[in-house]
Amino acid sequence: VIERNNPLVDVDELMAKIHQQLASQNSPANGSTLEDGRLASDATTLAAGIENSLAAAESFAQVRTTLGSTSRVLSSSLLRSFLLRALAFIFRDQRNVDNALIDALRKTLHLNVRLSEECEFLKSRVAALEGPRSEGPPKSAN
Amino acid sequence: LKIAVVTPWFGEGLTGGAERLAWEIAFGLRDRCEGVTVFTTCARSFADPWNENVHSPGETLVDGVRLSRFLVDRSNPRRFQEINRKLLAFPRSRLKPGISILNDIELRDFVGHNINSTPLLTHLARRGDEYDAIIFLPYLYGLTLRGWRVVRERAVIAPCLHDEVYAYLPPVAEMMRGCAGLLFNSNGSYALARSLYGPGIEPRSAIVGSGITWPTAPTLEDPKPIRGFVPEDRRYVLHLGRRSPEKNTGLLVDAFNRYREIEPESDLALVFAGAGDAVQSPHAVVLGEVSEVQKSRLLRGALALAQPSVNESFSRVMMEAWAVGRPVAINGNCPSTAGPLRETGAGWAPVDVVDWIAVFSAIDSASPGELAALGGRAQEYVATTANWENVLDRLASALTTAVATNQPRAQPIVHVLDRAVYADSATLLALQYSDLLARNGFASSVIAGDVDDRLGSQVRRIEDADKEGAVVLAYDNSQQLKADARLTFGEGSLELTRSGKSVASIPLWADLGAWNVEPNAEVMAPLVDGRTNILALGAICAQNHVLEIVEAFAFYFALDFDARLLLVGATEDADYLTRVRDAIERTGLEHRVTVCGEVSRPALAAMYRTAHLFVSWREHYETGLALLEAIAHDIPVCALASPGAQRILGTSGILVRELSRARELAALWRVLVNDPVTRARVIHSQRCRPSATPESVLAALRKALPRAHEA
């Protein structure tokens, strides 16, 4: 395939590297995450983690209904109510931004999960297509 | 030659690299030129306020050099610092040519609130034509960024360039492309500039190097401690120069502290001489600024010198340490210091804190004899490269070339084409030869029977052109005018004929000056996203085997998921293009293969600058300019072994046969993109390929055009 025109390039060494590339592509243990199903397992674990984080973010993005430890120093319920309403008003825009971002992230997450499933499916198809070829050339009808 | 030097700060006592260089250039050129004038500001130094006038304005004569000082402009230091902080916070890993770091307002303020002197620029605008060359240094200050525009034809920049955020700013790139000449103080600095601003700077660039003043031998009668420190009594590693985050001294201190934690019994010290930040280390000795004699004594007494900075264009202290036979630890990520170290082997090139700890360990455990032998390896290198006499000779020669003026000669030359077509080989050839002749004093122009609208500013119609008395050089089969000479070309071979007889072979040459253009930012931005860019340039037709390229890319994609293929060229066969598009769709690579069609030069410049591999499977080449341009852009070339490619590439690049073996070819591409050793060898072979010079092309053209030669 390669001409021996370049004295700085050892064609035999280059061919060895090419075959190494091809071998690693065919090898089931070539380190690719697509090859050993790690993508799928990683995606499942990661998706669960991200979903937890999103749920936590979502709970904090809701309108506050209690003041937590602050309420102990505020004796008047009227004052507490006013403070909660003020907080709700001040952070209204921020809450909208947070909720939109959480929604976008969740959709992205679902898309990624679907893509990783598609990858797994395509990987199995490729393996099925390449399988017979790796066993050798088709035998002559004679 | 009458020379001017423009620099923000000037004085004998200034110790910065650029300030020392300005001083040495001014006084070194004094005896080699008719006169040297230094234009500078009244500000004291880099470390002092930039808008405070300390010196008096006016002209003085300092030891044969005219020194003119001008008042600095009032500026807003707070605004400047605000932008500068943003620049310094920009992640180094994201720095890529063409990347947008500041918006237009920030850029304007960065230059406007930098150190500037409007009176100085006004003076240059009025009196600049009294000088043959005006040297600006260094590159990143307002005085340079604004001043070069005033005297563009005479502006020679000595940038003192290193790989830092400022080098990526658009006004800097514009200056590098627009000035009359560039002087680099190291191979590494030039290589960096070429990678940032493209090969278009090559015709105007010269690597002149930089010199050092040999460290003086300390007198034996002067054993006085230097601020309580007696160099002869201690084992230490020395750091010379400013301490700051930009100089990476934090890394050095961190590594040394960790080393001393590992080796608490060690008596090795880390000594800092120079101004700058405080040092948080119980084992460090901070001496502050020292005199030249003290510096020399410290260098001679040190076990080794440490230079952790990556922001160096030429490390003077490294050369000084080598001059007294001391080994040096430099930062392996700094091309300007790593290059000389690789060449000499006189030290170490650590890249991270672990490496630095290992270096401290090596220094601590080595005997004085071993360290002296290591440092001694570079003494010959320093004696030849850092000798001021040699440097100044190179500088004077480069300035003479940069300012060489060519008076237009009377004899005009017209280059005649049947049709001037955009991006067509014959048209590009005619334009580049015409430009070359014009740059060398000929009244040269390109004319054609039919002119593409996009070439309206470069090519005139035959009926509109003044052809009276001109030497007519016809391209290929053009019969538009009676030709004095004819240029025929094909398969990378160019012949000049007169009356049907060959009179000269024109060396194959690509004018890199034509690539001194700003890459199209919109094209460039998506191409620097970290993906592998494979560029295939040539018309979309069966003879160029575009389908086979797409097929190989489909296999390549399985090896490199982050890859894209750019197919650039006119469509010569619409049916074939349909088949190419079908093939792309069938392989599901619509999002990774782009059929770009014909593109503008700035767009192609963006593609050349970002390509990782250049693929050409053409069977025929008219001029081979595309291959030469890819080589000039340091892109590994993988070409079909056609006669034209064999002739053009010679013993460089990679030539292939059997395009049907797409999987193996794809794997070859992967090796060329991903294997650093193979890639470096291929690029090196391309750089070393014997190439024509403008002078050799001009000589051949002159030989074939006798009337032009006589003119």
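**Exercise 1.** State how many salt bridges are counted between chain A and chain B, and give an example.

*Solution.* The count between the two chains is three salt bridges, a salt bridge being a side-chain nitrogen of Lys or Arg within 4 Å of a carboxyl oxygen of Asp or Glu. In one salt bridge, Glu13(A) meets Arg681(B) through their side chains, at 3.5 Å from N to O.

The model is predicted: local features need pLDDT of at least 70 and side-chain atom pairs pLDDT 80 or more, while totals for chains, interfaces and linings use all residues. Residues are numbered from 1 along each chain as its sequence is written, chains are lettered from A in the order in which they are written, and side-chain values use heavy atoms, without hydrogens and water.

**Exercise 2.** Describe the interface of chain A and chain B by contacts and by buried area.

*Solution.* Start with contacts (heavy atoms within 4.5 Å): 18 residues of chain A touch 28 residues of chain B. Next, take the buried area, the accessible area (1.4 Å probe) lost on putting two parts together, summed over both. The chains bury about 2,000 Å², with 57% of it on carbon and sulfur atoms. Finally, in chain A, Val1(A), Glu3(A) and Asn5(A) lose the most area to chain B, together 31% of what that side buries.

**Exercise 3.** List the residues in contact with Phe614(B), leaving aside neighbours within four places in sequence.

*Solution.* Leu535(B) and Leu537(B) are among them. Tyr608(B), Ala626(B), Leu627(B) and Ala630(B) also belong to the list. Ile635(B), Pro636(B), Val637(B) and Cys638(B) complete it.
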